[in-house]
Amino acid sequence: MSLREVRSLREALGAAAPGRMLHGLGRSIALADILDVTCLGGAIAGRRVLLATGDQFMAAMALMALDGLAEAVVLCPPDLPAEHLPVIAERAGADCLLTDRPRSAFPGLDALPLVDCAWPPVPAATRSRRA
């Protein structure tokens, strides 16, 4: 499958060559395995997601899990000052916060439901039953 034929991240992951990996600091996962697991700890379908993770690895895991589910995603870099998040969330129309950090790291976002982004991932069917 050429890149021109790929329509989504999920399709690209399904076409990933064996042995291709996503690596983070002390964590790795085979690209093909990402289709069978999820880091999402709640329902995301149709939501407008404010994504704020502590590192690029978890952001990548979350983005791949969100592909085709979320209506919109606002990606916040880890060093974004917390005081900017309420304005960003409001302007984006975010209706949930997806993060691997504690609620206390996000002052002013108490009204947004928090969805955990967790490592290690679990089988996708397990998470969807919990959501």
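A residue is called buried when its relative accessible area is under 20%. In this predicted model, T53 has a relative accessible area of 2%, so it counts as buried.

T53 is a handy place to start. The residue sits in the loop between β4 and α2, and the polar part of its side chain has a partner there: a polar atom of the T53 side chain lies 3.1 Å from the backbone oxygen of D55. Beyond its neighbours within four places in sequence, T53 is in contact with M58, A59, C76, P78, D100, R101 and C117.

D55, whose backbone oxygen lies by the T53 side chain, also takes part in a salt bridge. Its partner is R27, and the closest N and O atoms of the two residues are 2.3 Å apart. This pair links distant parts of the chain, with D55 in the loop between β4 (48-52) and α2 (56-66) and R27 in strand β2 (residues 27-30), 28 residues apart. The two partners fall on opposite sides of the 20% cut-off for burial: R27 has a relative accessible area of 18% and is therefore buried, whereas D55, at 25%, is partly exposed.

The salt-bridge count for the model comes to three, and the next pair to consider joins D95 to R47, with the closest N and O atoms 3.4 Å apart. D95 lies in the loop between α3 (85-92) and β6 (96-99), and R47 in the loop between β3 (37-40) and β4, so this salt bridge ties together parts that are 48 residues apart in sequence. D95 is partly exposed, with a relative accessibility of 28%, and R47 is likewise partly exposed, with a relative accessible area of 22%.

The remaining pair brings the text back to β4. Here the side chains of R48 and E71 meet in a salt bridge, at an N to O distance of 3.0 Å. R48 belongs to strand β4 and E71 to the loop between α2 and β5 (72-76), so distant parts of the chain, 23 residues apart, are linked once again. With a relative accessible area of 28%, R48 is partly exposed. E71 reaches 55%, and because exposed means over 50%, this residue counts as exposed.

Taken by their positions, the salt bridges place D55 in the loop between β4 and α2, R47 in the loop between β3 and β4, and R48 in strand β4. T53 shares the loop between β4 and α2 and is buried at 2%.

Notes: Residues numbered from 1 in each chain as written. Predicted model: local features only at pLDDT ≥ 70, side-chain atom pairs only at ≥ 80, totals over all residues. Heavy atoms only, no water. Salt bridge = Lys/Arg side-chain N within 4 Å of Asp/Glu carboxyl O. Helix = DSSP H or I, 4+ residues; strand = E, 2+ residues; numbered from the N terminus. Buried < 20%, exposed > 50% of the residue type's maximum accessible area, 1.4 Å probe, protein only. Polar contact = N/O pair within 3.5 Å; in protein donor to acceptor, adjacent residues only side chain to side chain. Contact = heavy atoms within 4.5 Å.
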